[in-house]
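This report introduces one protein chain to a reader who has not seen it before. Please look over the sequence and the model shown here before reading on.

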Amino acid sequence: MTITWNDSVPIYRQLRERVVAMILDGALNEGDPLPSVRQVAADFQINPLTVSKAYQELVDDQLVEKRRGLGMFVIDGAREALLKSERERFLREEWPVLYARLQRLGLDLKTLMREADKAAEDKS
């Protein structure tokens with residue numbers, strides 16, 4: 001996990017978002033253990049309490065569970081729940097801003113799809 005910290009967002013929130021991204025990307029699957037609090041704190045040279053706070057938010061959001069003596073694990077259904085909530089948040093918060101910008105720039109779906117196809121070809 002490579003992280004560049006953003007000074008405008010608390011580190012525990014950034015760490016939480018990184019774990020969420022790992023679940024969505026399939027780097028962490030249902031039933032997988034999260035790295036230990038101590039390990040993450042040592043790897044990124046941050047306070048273990050910061051890691052614990054990020055992990056506790058994931059527990060509160062019912063994405064991971066604590067198993068006494070074993071650690072934290074991604075729960076069944078976490079990825080689907082995240083996909084649903086992240087899609088809803090995107091459509092509610094990000095899409096209206098993005099759509100307004102596309103309108104101002106005079107970009108339509110056909111142009112965007114053509115550019116996406118070109119970008120995919122360039123990666124090949």
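The sections below describe an annotated region, a helix and a surface patch.

## Model and annotated region

The model is predicted. UniProt, in an unreviewed entry, lists residues 9–77 as "domain: HTH gntR-type". Over residues 9–77, helix makes up 52% of the chain and strand 12%. The C-alpha atoms at the two ends of this stretch are 28 Å apart.

## Helix 2 and its two sides

Helix 2 covers residues 37–44, and its buried residues are V40, A41 and F44. Viewed down the axis of helix 2, these buried residues fall within an arc of 100°, so they line one face of the helix. An α-helix has 3.6 residues a turn, so residues three or four places apart point the same way.

The buried residues of helix 2 pack against two other elements: helix 1 (11–25) and helix 3 (48–60). R38 and A42 lie on the other side of helix 2, where they are exposed. Just after helix 2 comes Q45, which has a positive phi of about 50°.

## A nonpolar patch on the surface

F90, L91, W95, L98 and Y99 make a nonpolar surface patch of about 470 Å². One of these residues, L91, is found in helix 4, which spans residues 78–105.

Is L91 buried or exposed? Its relative accessible area is 54%. Exposed means over 50%, so L91 counts as exposed.

Conventions. Residues numbered from 1 in each chain as written. Predicted model: local features only at pLDDT ≥ 70, side-chain atom pairs only at ≥ 80, totals over all residues. Heavy atoms only, no water. Patch = residues over 30% accessible without salt bridge, like charges linked within 9 Å, V, L, I, M, F, W, Y side chains within 5 Å. Areas by Shrake-Rupley, 256 points an atom, 1.4 Å probe, with all protein chains shown as cover. Salt bridge = Lys/Arg side-chain N within 4 Å of Asp/Glu carboxyl O. Helix = DSSP H or I, 4+ residues; strand = E, 2+ residues; numbered from the N terminus. Buried < 20%, exposed > 50% of the residue type's maximum accessible area, 1.4 Å probe, protein only. Arc of directions from axis to C-beta. Contact = heavy atoms within 4.5 Å. UniProt positions renumbered as here; feature names shortened; annotations may be inferred.
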